[in-house]
Amino acid sequence: MVAPDSPWGAANASRHGSGVRRFAAAAESRRCDVCWPFVGPVTEIDSALTGVDREKVEAHERVHAAQCRRMGAMRNFLVRLTGRQRLPYEVEAICAEVPLELARGVPRAQLEQRIVDELSESMWYRRLGAVALREGIRRGCPPLTTSSL
Ligand SMILES: [Zn+2]
């Protein structure tokens, strides 16, 4: 199921579907999550997704679900109205995937660049520019910048 507001879009997902699994794009295009008032987070993940790719999406969505419960639906909606406000929350979710990528042996620098590139393609974040995205990622995802994992 594709999130209707997905910044990655179906065309983006299919363009990269046969190649190396993209990072955040995989999470954004293989799930549908909504933060409902009074109900809380509702997440659906594509049942065809398996293995580490599924674990990454689940880790990513667990963070968004926790954000929904922590903030409530209204605040969750309001902080996601602009890319600049939205970025720390997306970085927090992406960061939950990082240990799985590092365990695959993906070098930190390559991983960080991939995240910057993918966010740069998103309608939400492209106007922020690569420098601001990189700063946001480094600020919000210490496992990417330390060697402690
Ligand atoms: Zn996300």
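In the predicted model, lysine 56 is buried, since 25 other C-beta atoms lie within 10 Å and 20 or more suffice for that class. Lysine 56 belongs to helix α3. Its C-alpha atom is separated by 7.5 Å from that of alanine 96, although the two residues are 40 residues apart along the chain.

The protein chain as a whole contains 9 helices and 2 strands. Read from the N terminus on, the order of the elements is α-α-β-β-α-α-α-α-α-α-α. The protein chain has 149 residues, of which 30% count as buried. Among contacts between residues at least 6 apart in sequence, 61% join residues at least 24 apart.

The two strands are considered next. Strand β1 (residues 31-36) and strand β2 (residues 40-45) run antiparallel and are joined by 6 bridges. Within this pairing, valine 34 stands opposite valine 42 in β2, and cysteine 35 stands opposite proline 41 in β2. The hairpin of β1 and β2 has 3 residues between the strands. Phenylalanine 38 is placed in the loop between β1 and β2. Phi of phenylalanine 38 is positive, near 70°, in a residue other than glycine. Most residues other than glycine have a negative phi. Phenylalanine 38 is also exposed, because 6 other C-beta atoms lie within 10 Å and a residue with 12 or fewer is assigned to that class.

Threonine 43 provides a view of the surroundings of strand β2, in which it is placed. Threonine 43 is partly exposed, with 17 other C-beta atoms within 10 Å. This count places threonine 43 in the intermediate class, because a buried residue has 20 or more such atoms and an exposed one 12 or fewer. When neighbours within four places in sequence are left aside, the contacts of threonine 43 are Arg31, Asp33, Glu61 and Ala65. For one of these residues, arginine 31, the C-alpha atom is separated by 7.0 Å from that of threonine 43, and the two residues are 12 residues apart along the chain.

Alanine 65, another of the residues in contact with threonine 43, is found in helix α3 (residues 51-71). With neighbours within four places in sequence again left aside, alanine 65 is in contact with Pro41 and Thr43. Proline 41 is the residue of β2 that cysteine 35 stands opposite. Alanine 65 is partly exposed, with 17 other C-beta atoms within 10 Å. The C-alpha atoms of alanine 65 and alanine 93 are separated by 9.6 Å, with their positions 28 residues apart along the chain counted as the distance apart.

Helix packing was examined for two pairs that share helix α8. Two packed helices are described by the angle between their axes and the distance between the axes. For helix α5 (residues 83-95) and α8, the angle is about 55° and the axes are 9 Å apart. The two helices are therefore oblique to each other, and their crossing is right-handed. On the side of α5, the contact involves Leu87, Pro88, Val91, Glu92 and Cys95, which meet Gly136, Ile137 and Gly140 in α8. By class, the residues of this contact of α5 with α8 divide into 5 nonpolar, 2 polar and 1 charged.

The second pair consists of helix α7 (residues 108-121) and helix α8 (residues 129-140), whose axes come within 10 Å and cross at roughly 125°. This angle makes α7 oblique to α8, because it lies outside the range of 65 to 115 degrees for roughly perpendicular axes and is not over 145 degrees, as roughly antiparallel axes would require. The crossing in which α7 passes α8 is right-handed. The contact is formed by Glu112, Ile115, Val116, Leu119 and Ser120 of α7 together with Ala130, Leu133, Arg134 and Ile137 of α8. The contact of α7 with α8 comprises 6 nonpolar, 1 polar and 2 charged residues. Ile137 of α8 takes part in this contact and also in the contact with α5.

Terms used: Residues numbered from 1 in each chain as written. Predicted model: local features only at pLDDT ≥ 70, side-chain atom pairs only at ≥ 80, totals over all residues. Axes fitted to C-alpha atoms, helices over the stretch in contact; angles between N-to-C directions. Helix = DSSP H or I, 4+ residues; strand = E, 2+ residues; numbered from the N terminus. Parallel < 35°, antiparallel > 145°, perpendicular 65-115°, else oblique. Left-handed = near helix turned anticlockwise from the far one by under 90°. Contact = placed C-beta atoms within 7 Å. Nonpolar A, V, L, I, M, F, W, Y, C, P; charged D, E, K, R; others polar. Pairing = 2+ DSSP bridges.
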